[in-house]
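Hi,

Here is the model I promised to pass on. Have a look at it first, and my notes follow underneath.

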Amino acid sequence: MAEKKILTKDFGAPGLAHLAGYEQTGGYQAYQKALKELQPDALVEMVKKSGLRGRGGAGFGTGQKWSFLPKGVYPRYLVINADESEPGCFKDRYLLEASPHQVVEGLLIAAFAIGCNLAFIYIRGEYLPQHEALEWALAEARQAGYIGKNVLGSGFDVDVILHRGAGAYICGEETALLTSLEGYRGEPRLKPPFPAIKGLYGKPTVVNNVETVATLPHIVSNGPDWFATIGTETGKGTRLWCMSGHVNRPGNYEMEMGAPIRELIYDLGGGVWKNRKLKAFQPGGASMMVLLPQHLDVGLDFDAIQKAGSLAGAGAMVVMDETTCMVDMCRRYVEFFHHESCGKCTPCREGTFWMTNVLTRIEEGEGKAGDADLLLEMGNNIDGRSFCPLGDASTWFPRSCIKYFRDEFEQHVTEHACPFRKERVMVA
Amino acid sequence: MAVATDQVTLQVDGVSVTVPKGTLILDAAKKLGIDIPIFCSHPKMEPVAVCRMCLIEVEKMPKLQPACAIPVAEGMVVRTLTDKVKQYQQGVLEFLLINHPLDCPICDKGGECPLQDQTFQYGPGASRYDFQKAHFDKAVPLSDKIVLDRERCILCWRCTRFTEEISGERELALIKRGVHTIIGTFNDEPAQSVYQGNWTEICPVGALTSRQYRFISRPWDLDRTPSVCPGCAMGCNIQIDSRHNKIGRFQSRENLEVDDGWLCDQGRYSFPYFQRDQEFGSPSIRRDGQLAAVSYPEAVAEAAARLQRAGSSAAGWASPGATNEELFLFQRLFRETLKSPHLDHRQQGIHETDPEDIGLPIADIERCDHVVVLGGQEVIDAAPVLHLRLHKSQRHGVAVHRVDEVKAGLAAVPAEATVVGVLATAARRADAITLQNQLVSKVKGRVRRLIVVRGPNGRGAKDLGILPHLGPGYAVLNGRAGRPRAEWPKAGIRALYIYDASPLQEFGATEAELDWLRSLDTVIVQRFKPSVLDEYAHVILPGRAFPEKDGTVTSMEGRVQRIANGIDAAHVWDDWRILQAVANAMGAGLPYRTSESIFADLAKAVPAYAAAALAQGRVLWGER
């Protein structure tokens, strides 16, 4: 099996990162088509019909999200979430690097569809080359008349502001992103009101992921019916999967929705490295629940992965071989969430701190009987009780690990050491 | 319009309740007497739902919901007592306590601490947290008034939101993130706000404490007396908290019509001025140039004899920090006993007054569409809590114009304004009236003014006729007007009776007046603490401090409010008793036994005050 390339089909074409190269591959044709042949409402309907779901993590219907904007309330803003920070995810970075114009074109189509005259791109602070690529692409698009007043004589005015984040994972959460974009501390906002009603600067706002908008030119060019034929019943099109970990060929792979995980890891990724056995894998990124070899035939699609007990999230695939210590994995991940917790709400702020302490203790061989249950109970008090999904998500991986690998936790405790460490930590 | 659509009926713990649309679940439950624990939620601030203490179950919602932030909906079914909620409450309190030092035994807040109380009521009996707690700086000076303990802080955001939403100064902010988040000021510079004391009251833990109150008392050892702030004419309601008959602190006592629950630091931290931290001497008489201690009757007799000699050439100055009852007797002493018209409570300025000065009650500022603050900061400095009301009004859409000149004030208000308010200090009353008159001809709506007078009873002093030209109730004195205080040095005054009731509103003799004071036959000083005037006094009559008195004071908006003695000073004569004794020594025959009995007569002289007596001092002057 091979990849199903839509977004990445022209990747590698000469000069794709620049306007001339991108236009050679048919770039900006979709945008022109949208401006000339389609009304904004028709575009929204088209995207609804295509079945496109947001690629940022939650998998919410893109057309549906757009249609939540209150009628007649202007200005309204489009914000592109390029704050890709989920450990294990690097697809937006790839898209921005290889074909920034594809993202810009998608953004412009979305802006036209929702009647937005000022769009923002919030890009992760660490993404410097990608920021440069975007900056360049925006300048070219502006020069070509794709951005500006009365674009190509259509009467549509649009401008784009590119903004760099300052290094906080939480700013990938849409409301925290908006707060940060406004110049405040990056902290999530109370929902409702949802951004569609009251978003950036209190105005109706759509927040879309990079990959989501990068898909739009293809839907406009080829039609929603074409798009809807790709993928599964509830997951249309393709997705980029960011594969990393103990796999022979890590990297980004564009797969049709619903293709089995096995294909991704074995056919494209070349299987587990060093001829070792697959212990577990984690779709979606650091937040998501672990899955086992028994789940290899699950389809790469929102609903199938959810049914298997995890979430597709932002499209990461972390592969873990048999030498992986799940306790250490948990410790590493939870430490990350503890570090990135904004501190706004109690369960996340205190809970990730405490969980980190407990997991570190277990991993260092100082765990106590009952620590696994303590983690589960803490997880219960964080998940669904935090202000935003950061707290919730910090508990999913460790809880799923305790579910599948409880023995490993117990072993750490009873042996007073991590069984996977070559040099065992001895406890006095 | 159908009223029914504005009401929503829901169920909380099986009981139905109907509340206005938009009400939060928390408040709907409160209406039923159902207590949902909170930390971050505050009735005067926007909900933020950060502490997560108030999560409860709402039918058809899979997750627990923050009662402090979710508005009610028709048919909503709320459950606050389920096992799921109870387990979670234990969990969140366990979380809140893992990095809390639990130093309750040495914490000022212990005993009145929401964290402590709710841990007892809803929390786990013990913690399973057995690691090192995260450590932070303790006893951080945020300013000369406030000390912050960053370990006790539970990051509820109340103080930061206060500086943003209530005072608008944005002085406190969250710094760093996650478990390392702390509260602080920009660059650790000292906080400048004059509303900092409020932070300590809204803090649900012992993180923000008043430097003056640190380690002074445990809450349960405090005696609490409702009173009124002696700081200015605003009339903010306070509670005098004392221990061992010493004032520990002034706390706010919410009166939505006046202070909205807040105090300014000027008032809150004024209590050391009124502290009887030592004995301030007995009554004394000057003999051969030296002050000699005598008994009250002796001093009273001496004062009376000297006053009688001066007769109508005696002048009396009473502080606007005195009570209505005292002021009433003071003017009877002069007008009736001594037949002297030379009365005043003002310092240098000569400000006229009339009942229109209280045309705009404080709470009505919120109901204006335009408010002109003539003099800007000078008005706020005179009554700082006024700023909080103005800021609140502004947030709710009232246009507040801070201007220095009448012209600018007139220009700021558009002709279509419907309810306009003008605020000014007594010093700029004339300008305020000019502006008001000009606005009346410009705008189609009503224009009202409020004059910020000086002293907690500056309004009462005017109402009761401590003025040379007007008697009690603004009675016109036909041809019998006296001379104002500023003119006394050149008015042939022979004896001067200074009732310096409050260290905050003193007689304030100028350099030039000192020679005049020295030249007088008689200077009688009735005061609380030794003052610079003692040097010129022939008779000193020690009286009581504001927190040691019973009586009423009238705020700048004409609100007659009761003050009560939170501090027992039985060995010192009541000021009204001294005044009555002096008058009676001259044969006045005043019969009063309590300050209440004086009020009854006072209300006959100033009929507007009769209504105040009936309503226990809670109505505005002049019945509105």
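Four strands of chain A make an open sheet, running in the order β3-β2-β1-β4 with parallel pairing. On the edges sit β3 (159-164) and β4 (205-209) of chain A, each with a pairing partner on one side only. From one strand to the next, the twist averages 20°. Keep in mind that this is a predicted model.

In the middle of that order, β1 (residues 77-82) and β2 (residues 118-123) of chain A are joined in parallel by six bridges. If you want a spot to zoom in on, N81(A) has Y122(A) in β2(A) as its bridge partner.

Two helices worth checking pack on the sheet. α6(A) touches β1, β2, β3 and β4 of chain A, and its direction makes about 150° with that of β1(A). Helix α9 (residues 210-222) of chain A touches β1 and β4 of chain A, with its direction at about 85° to that of β4(A).

Now for the cores. The largest nonpolar one has 257 residues, and L78(A), V79(A), I80(A), L107(A), I109(A) and L264(A) have the most contacts inside it. Helix α6 (residues 100-114) of chain A supplies the largest share of this core, 10 residues. What does I109(A) touch, leaving aside its neighbours within four places in sequence? Its contacts are A30(A), Y31(A), A34(A), L43(A), L216(A), P217(A) and V220(A).

There is also a second, separate core of 57 residues; Y497(B), V525(B), W576(B) and V582(B) are among them.

Cheers

Technical notes. Residues numbered from 1 in each chain as written. Chains lettered and ligands numbered in written order. Predicted model: local features only at pLDDT ≥ 70, side-chain atom pairs only at ≥ 80, totals over all residues. Core = buried A, V, L, I, M, F, W, Y, C linked by C-beta atoms within 7 Å. Buried ≥ 20, exposed ≤ 12 C-beta atoms within 10 Å, placed from the backbone. Contact = placed C-beta atoms within 7 Å. Pairing = 2+ DSSP bridges. Axes fitted to C-alpha atoms, helices over the stretch in contact; angles between N-to-C directions.
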